[in-house]
Amino acid sequence: MRARLWKFGNFSLKRKAFLIFLLFVTLPTFGVGVLVQHQFSRILTQQFVESTKRSLDTVTNQLTEETKMVEDIADYMIFSPDIRNFLHPSGLWMTGEQTELYKENIEGFLTFQLMSKNYIKSIMIQGLNENRIHMGEPVSGNENEWLQRAAQRKGGLVWSEAYPVTSDWYGPTKVISLFRIINSFDEITQPLGKLIIRLDASSIVNLLKSGIFKETGIIFIVGKEGNLILTSDDKVTGERDTDKALLDTLRKHGGDTFTYELDGASYLTFHQSMENTGWQVVAMVPEATMNENTAGLKFIMLLIIVATLILGLAALIGFHYTIILPILRLKRETGRVKQGDFTVRVPIESHDEISELNRQFNGMVMTIQELIEYKYKLELRQRESELKLLQKQMDPHFLYNTLDMIRWTARLEKASRTSQLIEMLSKFFRSSLGREQDRSTIQQELEFVQSYLFLQQKRLGGKLEYSLLAEAHIADAAILKLTIQPLVENFLKHGLDSGQPRNFIKVKCYQVNQDIWIDVQDNGRGLSHEQIAEIRESLTRSGHSDHRGAMANIHERLSIVFGAGYGLEIVAASVEGTWIRLIIPYEAQNGGEWHER
């Protein structure tokens, strides 16, 4: 037991919180949810079964009523005096006027029945005396089998199965018909004719389906002898072995509902008997349909379970953000201090114990940073001294006076271009050596760069073009000396492509928030991936070395003077050119102008 607790104690805070949430929130909620979902599903299934039974009972009663009305019509034919007179054997010697009168009365009665009962397709009366009446839709088909059965019943009712006929109006269709031999009322064994009342099979199917389901499932009617009267789907035809097994199962289950597998699908099977015909109306509803009908309520239950889990997860997230995350953030910032980043500060957002720990951490880092900055300042002063010593190695006054003398000599000799070149060279040396300060302005640095590029352009001819741009309001902003010109010189030394007709370099100075960005872009030979990786690695190293490149020295000087976050970065570098950016802080001053050539 102690060993297990010891292992748990070695887990990280995130893992501990996750295990507690899993054991005391997720698993109990999931278990209770599964149990409730199971009981709820059982109740919904029972309700669906009861509702389907009531619907089946309703439509069965309606079908019973319709067939009973048809049987009542057949009974009326026996007792109707008009029918007896119309079919009587002596009718062969009746006058045509009398026959037409009986026929008119019968047709009026049949017309009323057809108009009031749209499920009746047609009614036919055929007498042995050759008198005949046919009302409704004219159809033709093989009905000998049912007529023979009616003859054997000698006046009894015979209901047929659904059989095909051809309608003169609508073409092939199916009907269920009532057949009856009409006997004499006076001599009960003497036949007078036959009666056929045809019902529209599709109307009966639509009646049954309307009360139970619309497009899914199967509905059919089984006769007293187990024969298939009518079906709504070709899946049940009564001829396959599976259909015969289904009919046998119906006889065994009586009035119970049961589940039956048909063609790989599971069906809930309901059946209801009709009293007058002895038929059974059978409805087979796919369990998938039942699941669809109850899916909404099940979804609500599932939503409640998910909501409970989400609330628990919200509690875990709250614990994570208020306890775990501050501790992990403190751990992460400690790692950054270990790597040498002493600008790290942990936010203090409350007055609890963790915030007090953050406050102590910030104080410790500030103390270390002050010590490091003091050491950097000493090193910076040493670098400045070295730079000033280099500048004083040549007497600037001697150089200026000599160049000025040469310029005036060129003017006297009317060599204006030579005089201009000497003047620009004088400006170049004056900018590089004439001031002892380590800082200048954006405008002064651009003038220095312009002098240098002017001389190089005269040397190279039309192969070099340049553009110097600066926003007017930052012209007097402070910048370290010799930060832009070395980048331009790098391009002329290493990036200039003598093979292309136009070499272009652009320097653009502009303000971004509280900083000044200086972009140096060229279309030279660019840098390879190895060179980019080497330069970026040198930017991250500190310390002075003669072997370090100009970009690394510029970056180090800017970082030391202006602090972390300022310096040099490579924006883009490819075979199509290089894009270098300098970032320095900005304090707004007036003055400045645009320089472009």
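How many helices and strands does the secondary structure of the protein come to? The count is 16 helices and 19 strands. The model is predicted.

**View 1. The whole protein.** The protein has 597 residues, and 40% of them count as buried. Take the contacts with a separation of 6 or more: residues 24 or more positions apart account for 62% of these.

**View 2. The largest nonpolar core.** This core has 46 residues. Ile120, Ile125, Ile197 and Ile221 have the most contacts inside it. Helix H2, residues 13-79, gives the most to this core, with nine residues. Apart from it lies another core, of 42 residues. Leu480, Leu487, Leu496 and Ile570 are among the residues of that other core.

**View 3. Around isoleucine 120.** Which residues does isoleucine 120 touch, not counting those up to four places away in sequence? They are Val70, Ile73, Gln113, Leu114, Ile197, Arg198 and Leu199. One of these, Ile197, is also among the residues with the most contacts inside the largest core.

**View 4. Around isoleucine 221.** Isoleucine 221 lies in strand E8, which spans residues 218-222. Is isoleucine 221 buried or exposed? Its relative accessibility is 1%, so isoleucine 221 counts as buried. The cut-off for buried is under 20%. Neighbours within four places in sequence are left aside here. Isoleucine 221 is then in contact with Leu63, Ile204, Leu208, Asn227, Leu228, Ile229, Leu230, Trp279, Gln280 and Val281. Valine 205 is 16 residues apart from isoleucine 221 along the chain. The C-alpha atoms of the two are separated by 9.4 Å.

**View 5. The hairpin of E10 and E11.** Strand E10 covers residues 258-262, and strand E11 covers residues 265-273. The two pair in the antiparallel sense over five bridges. Glutamate 261 has serine 266 of E11 as its bridge partner. Two residues lie between the strands. In this hairpin, aspartate 263 takes a positive phi near 55 degrees. Side chains alternate along E10. Phe258, Tyr260 and Leu262 point to one face and are buried. Thr259 and Glu261 point to the other face and are not buried.

**View 6. The five-stranded sheet.** This open sheet has the order E14-E16-E17-E19-E18, and its pairing is mixed. Which strands are the edge strands? They are E14 (464-470) and E18 (567-574), each of which pairs on one side only. From one strand to the next, the twist averages 15 degrees. E17 (residues 515-522) and E19 (residues 577-585) run antiparallel, joined by eight bridges. Valine 520 stands opposite isoleucine 580 in E19. Helix H13, residues 442-460, packs on the sheet. H13 touches E14, E16 (503-512), E17 and E19. The direction of H13 makes about 170 degrees with that of E14.

**View 7. Helices H15 and H16.** H15 spans residues 529-540, and H16 spans residues 550-562. The two pack at an angle of about 30 degrees, with their axes 9 Å apart. Why are they called roughly parallel to each other? Angles under 35 degrees count as roughly parallel, and H15 and H16 are therefore roughly parallel to each other. H15 passes H16 in a right-handed crossing. On the H15 side, Ile535, Ser538 and Leu539 make the contact. On the H16 side, Met551, Ala552 and His555 do so.

How values were computed. Residues are numbered from 1 along each chain as its sequence is written. This is a predicted model: local features need pLDDT of at least 70, side-chain atom pairs count only at pLDDT 80 or more; totals for chains, interfaces and linings use all residues. Side-chain values use heavy atoms; hydrogens and water are left out. A nonpolar core is a set of buried Ala, Val, Leu, Ile, Met, Phe, Trp, Tyr and Cys residues joined through side-chain atoms within 4.5 Å. Buried means under 20% relative accessible area, exposed over 50%, partly exposed in between (1.4 Å probe, protein chains only). Helices (H or I, at least four residues) and strands (E, at least two) are DSSP runs, numbered from the N terminus. Contact means heavy atoms within 4.5 Å. Two strands pair if DSSP finds at least two bridges between them. Axes are lines fitted to C-alpha atoms, for helices over the stretch in contact, and angles run from 0 to 180 degrees between N-to-C directions. Angles under 35 degrees count as roughly parallel, over 145 as roughly antiparallel, 65 to 115 as roughly perpendicular and the rest as oblique. A crossing is left-handed if the near helix is turned anticlockwise from the far one by less than a right angle, and right-handed if clockwise.
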